[in-house]
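Biologist: I'd love a close look at one part of this model, the turn of the hairpin, and then at how the rest of the chain is arranged around it. Could you take me through it step by step?

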Amino acid sequence: MRESWDAYAELSERRALLRRPWEEDILHWSYTQGAWVLHGRTLPPDQRRRYGVTRSGWCAGSG
């Protein structure tokens, strides 16, 4: 049951990111091809929230 919920949460986060394409410009770490890679160009306006990436490290710009 826990794995199903985690998969659902990940898909929900991905769907939300796809609705906010402007977040790709905000600096964020993305897990791409087995390594963490820095994406984006501008500083995040607030550090209390994660921008442009899901909990697992997926971002729309990484594929």
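Is Gln-33 buried or exposed, and what is its relative accessible area?

Modeller: Happy to! Gln-33 is exposed, with a relative accessible area of 82%; buried means under 20%, exposed over 50% and partly exposed in between, using a 1.4 Å probe and protein chains only. Before going further, please keep in mind that this is a predicted model, where local features need pLDDT of at least 70, side-chain atom pairs count only at pLDDT 80 or more, and totals for chains, interfaces and linings use all residues. Residues are numbered from 1 along each chain as its sequence is written, and side-chain values use heavy atoms, with hydrogens and water left out.

Gln-33 sits in the loop between S1 and S2. Helices (H or I, at least four residues) and strands (E, at least two) are DSSP runs numbered from the N terminus. The hairpin of S1 and S2 has two residues between its strands. Gln-33 has a phi near 50 degrees, a positive value in a residue other than glycine.

Now for the strands on either side of that turn. S1 covers 28-32 and S2 covers 35-39. They pair in the antiparallel sense over five bridges, where pairing requires DSSP to find at least two bridges between two strands. In one of these bridges, His-28 has His-39 in S2 as its partner.

The hairpin also carries a nonpolar surface patch formed by Trp-29, Tyr-31, Trp-36 and Leu-38, with about 480 Å² of accessible area together. S1 and S2 are the elements that give two or more residues to this patch. Patches take residues with over 30% relative accessible area and no salt bridge, joining nonpolar side chains (Val, Leu, Ile, Met, Phe, Trp, Tyr) within 5 Å and like charges within 9 Å. A salt bridge here is a side-chain nitrogen of Lys or Arg within 4 Å of a carboxyl oxygen of Asp or Glu. The areas come from the Shrake-Rupley method with a 1.4 Å probe, and for residues only the protein chains shown count as cover. Leu-38, in strand S2, counts as partly exposed at 45% relative accessibility.

Just ahead of the hairpin, Glu-23 lies in the loop between helix H1 (2-18) and strand S1. Glu-23 is buried, with a relative accessible area of 1%. Apart from neighbours within four places in sequence, Glu-23 is in contact (heavy atoms within 4.5 Å) with Leu-17, His-28, Arg-49, Tyr-51 and Gly-52.

Helix H1 has a detail of its own. The whole structure holds two aromatic pairs, meaning rings of Phe, Tyr and Trp (its six-membered ring) with centres within 6.5 Å; planes under 30 degrees apart count as stacked, over 60 as edge-to-face and the rest as tilted. In one of them, Trp-5 and Tyr-8, the ring centres are 5.5 Å apart and the planes stand at 40 degrees, so the pair is tilted. Both residues belong to helix H1, three residues apart, about one turn of the helix. Trp-5 counts as exposed at 53% relative accessibility, and Tyr-8 as partly exposed at 47%.

Stepping back to the whole chain, there are one helix and two strands, in the order α-β-β along the sequence. The C-alpha trace spans about 40 × 25 × 20 Å along its principal axes. Of the 63 residues, 29% count as buried. The chain exposes about 4900 Å², and carbon and sulfur atoms supply 56% of that area.
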